[in-house]
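Thank you all for coming. I would like to take a few minutes to walk through one structure, beginning with its strands and then moving on to its pockets and its aromatic rings.

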Amino acid sequence: MSNAPATPRHVAIIMDGNGRWATSKGWPRLVGHRKGSERVKEIVRAAPDLGIRYLTVYAFSTENWKRSTEEVLGLMKLFGRYIQREAEALSRENVRMCFIGDRSRLDKKLQDLMGWIEQRTMANDRLTVTVAINYGGRDELIRAARKLALRVAAGEITADQIDEAALDGALDTAHLPDPDLVIRTSGETRVSNFLLWQAAYSEYEFTPVLWPDFTPEVMAEILGRFGTRDRRFGGVK
């Protein structure tokens, strides 16, 4: 018998393929990102009915700054508009929104919007949506190590007290359980520096579907396959 629950409690998604989707249609890449943001809204609304309690989406990585200035600025404006337009719906639907990643490089107005919606939706508990912006798994681990080093230097803890629980608590995702399932769209089969610590025992699903075409029906099919997996976490039956 499989040790996996019928539905994963926490699903994380590497949303890939927006630019390729737009380019294939002869449109600018930002059109694909706008279509992708609409898809996020659809998946967020469908997630609770699919049995998901936590949804984490990879919106902008620490490496994405290498893209053109036009694309980066367009994405940042898109993030801000999404927060402003979705605030009421998220509150109405009892959805909590959080962010992970290094905010220090982000525009101050966007940082303020992120903090505002986190405060506004803090008490909501039907679904927790976590958006990774300027996020990288290696960067997160470095920042967590620095936090723990400062605590050791201050005499709050000893080096011997640094264990898995201590590191978990220093990560951006301290408010989340580890993901049960990580999905990557667009046919790429790499993890791209996403949740490196947290996904140590996650199941992975790589789908050729580009993110703008990733419907709740596609999600439901993937969740159905998850229920057939045998998760042993390093043990044996």
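**Strands, pockets and rings**

Let me begin with β2, which is mostly covered, since eight of its eight residues are buried. Please keep in mind throughout that what you have in front of you is a predicted model.

On the pairing of β2, there are two partners that I would like to show you. One is strand β1, residues 10-14, which pairs with β2 in the parallel sense over five bridges, and within that pairing I14 stands opposite Y58 in β2. The other is β4, which also pairs with β2 in the parallel sense, here over seven bridges, and in which T130 is the bridge partner of T56. As a general reminder for reading such a region on the screen, side chains in a regular strand alternate between the two faces of the sheet.

From the strands I turn to the empty space. In general, rolling a probe the size of a water molecule over the atoms shows where such space is left. The largest pocket holds about 700 Å³ of space, and 34 residues line it, with M15, Y58, A59, F60 and N64 lying nearest its centre. Which elements supply at least two residues each to that lining? They are α1 (18-24), α2 (29-46), β2 (54-61), α3 (69-92), β3 (95-100) and β4 (127-135), so that β2 and β4, which we have just seen paired over seven bridges, both come back here. Sorted by class, the lining of the largest pocket is made up of 18 nonpolar, nine polar and seven charged residues.

The second largest pocket has about 240 Å³ of space. It is lined by 13 residues, and those closest to its centre are M76, K77, D107, K109 and L110. Two or more residues of this lining come from each of α3 and α4 (108-120), and α3 gives the most, with six residues. By class, we find six nonpolar, two polar and five charged residues in the lining of the second largest pocket.

Now to the aromatic rings, where a search of the whole structure finds eight aromatic pairs. One of them joins Y204 and F206, and this pair is stacked, with 5.8 Å from centre to centre and 15° between the planes. Are these two rings hidden or open to the outside? Y204 counts as partly exposed because its relative accessibility is 25%, and F206 is likewise partly exposed, with a relative accessible area of 33%. In a further pair, W211 and F214 have ring centres 5.2 Å apart and planes at 20°, and therefore count as stacked, but here W211 and F214 are both buried.

Y58, which we met opposite I14 and again among the residues nearest the centre of the largest pocket, returns once more, for ring pairs link Y58, Y135 and F194 into a cluster. There is also a charge to point out beside a ring, as R105 lies over the face of W65, at 4.1 Å from the ring centre.

Finally, a word on A153, whose place is in helix α5, residues 137-153. A153 counts as exposed because its relative accessibility is 68%. A153 and L195 are 42 residues apart along the chain, and their C-alpha atoms are separated by 27 Å.

How values were computed. Residues numbered from 1 in each chain as written. Predicted model: local features only at pLDDT ≥ 70, side-chain atom pairs only at ≥ 80, totals over all residues. Heavy atoms only, no water. Phe/Tyr/Trp six-rings, centres within 6.5 Å; stacked < 30°, edge-to-face > 60°. Buried < 20%, exposed > 50% of the residue type's maximum accessible area, 1.4 Å probe, protein only. Lys NZ or Arg CZ within 6 Å of the ring centre and 35° of its normal. 1 Å grid on protein atoms, 1.4 Å probe; cavity = no way out; pocket = protein on both sides within 12 Å on 5 of 7 lines; lining within 4 Å. Points joined across faces, edges and corners; volume = space filled by probe spheres on them. Helix = DSSP H or I, 4+ residues; strand = E, 2+ residues; numbered from the N terminus. Nonpolar A, V, L, I, M, F, W, Y, C, P; charged D, E, K, R; others polar. Pairing = 2+ DSSP bridges.
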